[in-house]
Amino acid sequence: MRYHLPLRRIRMKRSLASTALALVLGFSALPLAAKTTPATSWDYLQPDRDQVIASLNVVELLKRHHYNKPPLNDERSIKIYDNYLKLLDPSRSYFMASDIAEFNQWRNQFDDLLKSGNLEPGFAIYRRHLTRLQERLDFALAELAKGVDKIDFSVDEDLQVDREKAPWAKDRAELDDLWRKRVKDEVLRLKIAGKETKDIQELLTKRYKNQLKRLKQTRGEDVFQAYINAFATTYDPHTTYLSPDNAENFDINMSLSLEGIGAVLQSDNEHVKVVRLVPAGPAEKSKQIAPADKIVGVAQGNDEMVDVIGWRLDEVVKLIRGPKGSTVRLEVIPASNPPTDQTSKVVTITREAVKLEEQAAKKKVLHLKQDGRDYKLGVIELPAFYLDFKAFRAGDPNYKSTTRDVKQLIDELRAEKVDGLVIDLRNNGGGSLQEATELTSLFIEQGPTVLVRNADGRVDVLADENKGIYYNGPLAVLVNRLSASASEIFAGAMQDYHRALILGGQTFGKGTVQTIQPLNHGELKLTLAKFYRVSGQSTQHQGVLPDIAYPDVMHTKDIGESALPAAMPWDSIRPAIKPELDPIKPFLTQLQSKHDQRTAQDPDFLFTRASIDLSKQLMAETTVSLNEVKRRAQQAAIEAKQLKLENDRRVAKGEKPLAELAKEDEDALPVEDKGKPEDDAYLSESGHILIDYLSLNPSLAIH
């Protein structure tokens, strides 16, 4: 869902541009002292005229057109400064306290500097970052040169791995000790993962040398993009600057569906993390990649695997993309691994574009027995909100769309005399806003479906203008953390009209609208509107909260809008519909009680809850032991717990237990991949809840 407003490109007067350049060239603030004489001089990295003008354009566009229009003042300056430091050194492993003391001269000045087009401080900080990064890579290589086999893993010492709020190193000696431990930890992780000493030496040496080589290829555009994004993303995480090179790859962190693997990727410190999978895309169909997995290597076909730890997101994407029909191999560290376990797997994927028919709605019939009676429930699985715009505009009467396909499936399910309907929106990342509105119209009499509030405060109402309900029987909507955008609009409308039970997990929470504004140099992706449900509640940040929640292994800390820094908050506006008596609310307590009783001994629900508890325990650990005996014992204990959880689930379901986790095969695939809808624990439970509701409120029965 993307809007484009006819915003005029801001034309800077020549005198203003010249003044800005003069300010940069005549910069008189205190220069950063050269602490060392690095092997590489970064003085060639200087802002140019196009970048200065582009920065002034960005300042003006944010001032005039951003949804919030927050002031660019000293308070914003501090946010820019903190954001920039976090962007450059998120683990506080490069800069020293003395560097930060020098940078502090600009802490309250970035607002004035940006307004005047003075980019020099941003470039100066980045140049220092490159110096420190080069020093650390040189140090790591020197440590490796001593020989991996010479590292003493019997010493009882720890490494702090969560350093987001750690104090800056007071001097070089403290940084050296941190990096000695970092190198030791990387070696130990690979050693425990089963790699030979020689291979570890070769891999890490090659990794650091490649990072050093890429470091020396840094361009002024890299610096400008980082600095301007540190500024833009203080407004919200979706307002970003795209350099001329990246402008053609718009929203590179949102989708790789065209001639790629079909995955949503984002940077996660030195790694590239999978955020979600595009429905029916190559990665999703492989069943070997999951959200929060980390991609650490990329290879073309049978070529040598390229280590991509420490690479920029756009560089990794370029490696992953390729001609349709070609293969790419990804080395992936599964999110299910304990934090100390770097065991990876290699996944082979054939690149292809996602076909519309593969994302089309599908139906199943769920057969359940409850209270001595057999029930049939229709299930419509909806991977995306799609519309064949080309066929629609050409007047093709048989054009494909979500709503048309769902109507046909409802007719087919009616013919099978189902007792109710479940719309499965799990992992549905959205799509056509028009289709979200059209689909809503099938289940309500008439009325608004979603509100769009613009930066000027104007609220546009999208509505169902057609009278009549196409399906008025019992309805449940199943969602999870990866149900986003159009999925949230539909689920929110079903909840606000009290038309369906919303079941599953808290949805993603992206409720903002962006547009692309061309600049003289690159483009600005700008947040200019916000979605609201007909009840007046925003879908932003909070998403849609289910009536009955299921345990979700995807943590809101890692996945979702609320996991993004500077995410715009949840709020509400005047509702578009009058509050009506909620027919579901009186039964929610009973429905929850029956759900709790039913799932208290359900193997899949027990497994998921126990897995979440174990994951929380592991995530709470902020240090790791560098003693090999202790580390292996910790690893073995974690794996034993994971194996017990898995085998408890298997035995309870009458399946053969595993001897070890490494022996997992196709029998260990998630239950929803086994074909029968009754084997999908969450889908089956949704059916039982809908039957409960039907039993408590017989007036819902289909006549």
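## Close-up views of a predicted model

**View 1. Strands β9 and β10 make a hairpin.** In this predicted model, strand β9 (residues 362–370) and strand β10 (residues 373–381) run antiparallel, joined by nine bridges. Look along the pair and you'll find L368 standing opposite Y375 in β10. Two residues sit between the strands of the hairpin, and D371 takes a positive phi there, near 55°.

**View 2. β10 also pairs with β11.** Here the partner is strand β11 (residues 420–424), and the pairing with β10 is in the parallel sense, over five bridges. One spot to pick out is E381, which stands opposite D424 in β11. Moving along, β11 is joined to strand β14 (residues 475–479) by four bridges, and these two strands run parallel. In that pair, I423 has V477 of β14 as its bridge partner.

**View 3. Six strands line up in an open sheet.** Now put those strands into the bigger picture: the order is β9-β10-β11-β14-β15-β18, and the pairing is mixed. Which strands stand at the edges? They are β9 and β18, and each has a single partner strand, so one side of each is left without a neighbour in the sheet. As a general point, strands of a sheet pair through backbone hydrogen bonds, either parallel or antiparallel.

**View 4. Helix α16 lies across part of the sheet.** This helix covers residues 486–496 and lies across β11, β14 and β15 (501–504). Set against β14, α16 runs at about 140°.

**View 5. Helix α15 is mostly covered.** How many of the nine residues of α15 are buried? Seven of them are, namely L433, E435, A436, T437, L439, T440 and S441. What do these buried residues pack against? Their surroundings are made up of α14 (402–415), β12 (447–454), β13 (459–464), α16 and β17.

**View 6. N427 sits in the loop leading from β11 to α15.** The loop lies between β11 and α15 (433–441). Phi of N427 is near 65°, a positive value in a residue other than glycine. Is N427 buried or partly exposed? With a relative accessible area of 36%, N427 is partly exposed.

**View 7. R92 is another loop residue with a positive phi.** You'll find R92 in the loop between α3 (74–88) and α4 (97–103). Its phi is near 50°, and R92 isn't a glycine. R92 counts as partly exposed because its relative accessibility is 23%, and buried would mean under 20%.

**View 8. T539 is tucked into a loop, and buried.** The loop in question lies between β17 (523–532) and β18 (548–549). Why does T539 count as buried? Its relative accessibility is 2%, whereas the cut-off for buried is under 20%. Leaving out residues up to four places away in sequence, T539 touches E488, G509, K510, G511, F531 and R533.

**View 9. The largest nonpolar core has 68 residues.** Within this core, Y84 and F231 touch the most other members. Helix α6 (residues 120–145) gives the most to the core, with eleven residues. Zoom in on F231 and, leaving aside its neighbours within four places in sequence, you'll see contacts with V58, V59, L62, L72, I80 and L114. There's also a second, separate core, this one of 41 residues; among them are I410, L413, V450 and L528. In soluble globular proteins, nonpolar side chains tend to be buried together.

**View 10. Stepping back, the whole chain has 20 helices and 19 strands.** The protein chain has 703 residues, and 53% of them count as buried. About 31,600 Å² of the chain is exposed, with carbon and sulfur atoms supplying 51% of that area. Among contacts with a separation of 6 or more, 75% come from residues 24 or more positions apart.

**View 11. Some stretches have pLDDT under 50.** The mean pLDDT of the protein chain is 87, and 89% of its residues reach 70 or more. Over residues 1–31, though, pLDDT stays under 50, and the model has 61 contacts beyond four places in sequence for that stretch. Residues 250–258 also stay under 50, with 31 contacts beyond four places in sequence.

Note on methods: Residues are numbered from 1 along each chain as its sequence is written. This is a predicted model: local features need pLDDT of at least 70, side-chain atom pairs count only at pLDDT 80 or more; totals for chains, interfaces and linings use all residues. Side-chain values use heavy atoms; hydrogens and water are left out. Buried means under 20% relative accessible area, exposed over 50%, partly exposed in between (1.4 Å probe, protein chains only). Contact means heavy atoms within 4.5 Å. Accessible areas come from the Shrake-Rupley method with a 1.4 Å probe; for residues, only the protein chains shown count as cover. Two strands pair if DSSP finds at least two bridges between them. A nonpolar core is a set of buried Ala, Val, Leu, Ile, Met, Phe, Trp, Tyr and Cys residues joined through side-chain atoms within 4.5 Å. pLDDT is the predictor's confidence in each residue, from 0 to 100. Axes are lines fitted to C-alpha atoms, for helices over the stretch in contact, and angles run from 0 to 180 degrees between N-to-C directions.
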